[in-house]
Amino acid sequence: MDFEQVLKNLESLVSQLEKGDLALEKSLEVYEKGVQTVKEAEKRLQDMQGKIEQLMADGSKKELQEHS
């Protein structure tokens, strides 16, 4: 599953909760899945950030910061 799919899953879970028509137990289940999905997304972002930092270790990171 790629990062965009993780985000779509999270959006789907949030949508389910926002409707407000789930039973309490189901709401808790969906909430738990949402928390796990957020953790998954955060881990993927951290991994990507690490890869970008490795790629930029040759000094080009400074050049990118100057353009932002």
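Which residue forms a salt bridge with Lys43, and how far apart are the closest N and O atoms? I started my notes there. Asp47 is the partner, with the closest N and O atoms 3.1 Å apart. I am working from a predicted model.

**Entry 1: the Asp47 pair**

I checked where the two residues sit. Asp47 and Lys43 are four residues apart in helix α2, so about one helical turn separates them. Next I looked up their accessibility. Asp47 has a relative accessible area of 37%, so I logged Asp47 as partly exposed. Lys43 comes to 47% relative accessibility, and Lys43 therefore also went down as partly exposed.

**Entry 2: the shared-partner network**

I then looked for salt bridges with partners in common. Lys26, Glu29 and Lys33 are joined into one network by such bridges. I took the network one pair at a time.

The side chains of Lys26 and Glu29 form a salt bridge at 3.2 Å, N to O. Both residues lie in helix α2. They are three residues apart, about one turn of the helix.

Glu29 also pairs with Lys33. Here the closest N and O atoms are 3.7 Å apart. A salt bridge needs the side-chain nitrogen within 4 Å of the carboxyl oxygen, so this pair counts. Lys33 and Glu29 are both in helix α2, four residues apart. That spacing is again about one turn of the helix.

I noted the exposure of each member. Lys26 has a relative accessible area of 34% and is partly exposed. Glu29 is partly exposed at 35%. Lys33 is partly exposed at 40%.

I added a general reminder for myself. Side chains of opposite charge can pair when their charged atoms come close.

How many salt bridges does the count come to? I get four. My entries cover some of them, including Asp47 with Lys43.

**Entry 3: the overall fold**

I stepped back to the whole chain. The secondary structure comes to three helices and zero strands. From the N terminus on, the elements run α-α-α. I placed helix α1 at residues 3–19. Helix α2 covers residues 24–55.

I looked up burial next. The chain has 68 residues, and 12% of them count as buried. The exposed surface of the chain is about 5,800 Å². Carbon and sulfur atoms supply 53% of that surface.

**Entry 4: how α1 meets α2**

Are α1 and α2 roughly parallel or roughly antiparallel to each other? I looked up the angle. The two helices pack at about 155 degrees, with their axes 9 Å apart. Angles over 145 degrees count as roughly antiparallel, so α1 and α2 are roughly antiparallel to each other. I also noted the handedness. α1 passes α2 in a left-handed crossing.

I picked out Leu13, which lies in helix α1. Is Leu13 buried or exposed? Its relative accessibility is 10%. Buried means under 20%, so Leu13 counts as buried. I also took a distance from Leu13 to Glu32. These two residues are 19 apart along the chain, and their C-alpha atoms are separated by 9.7 Å.

**Entry 5: a nonpolar patch**

I turned to the surface. Which residues form the nonpolar patch? I listed Leu17, Leu28, Tyr31 and Val35. Together they have about 350 Å² of accessible area. Helix α2 gives the largest share of the patch, three residues. Leu28 is in helix α2. Leu17 lies in helix α1.

I checked these two leucines one by one. Leu17 is at 32% relative accessibility and counts as partly exposed. A patch residue needs over 30%, so Leu17 meets that cut-off. Leu28 has a relative accessible area of 49%. Exposed means over 50%, so Leu28 is logged as partly exposed.

I closed with one more distance. Leu28 and Leu17 are eleven residues apart along the chain. Their C-alpha atoms are separated by 9.3 Å.

Definitions and conventions:
Residues are numbered from 1 along each chain as its sequence is written. This is a predicted model: local features need pLDDT of at least 70, side-chain atom pairs count only at pLDDT 80 or more; totals for chains, interfaces and linings use all residues. Side-chain values use heavy atoms; hydrogens and water are left out. Patches are made of residues with over 30% relative accessible area and no salt bridge: like charges are joined within 9 Å, nonpolar side chains (Val, Leu, Ile, Met, Phe, Trp, Tyr) within 5 Å. Accessible areas come from the Shrake-Rupley method with a 1.4 Å probe; for residues, only the protein chains shown count as cover. Buried means under 20% relative accessible area, exposed over 50%, partly exposed in between (1.4 Å probe, protein chains only). Axes are lines fitted to C-alpha atoms, for helices over the stretch in contact, and angles run from 0 to 180 degrees between N-to-C directions. Angles under 35 degrees count as roughly parallel, over 145 as roughly antiparallel, 65 to 115 as roughly perpendicular and the rest as oblique. A crossing is left-handed if the near helix is turned anticlockwise from the far one by less than a right angle, and right-handed if clockwise.
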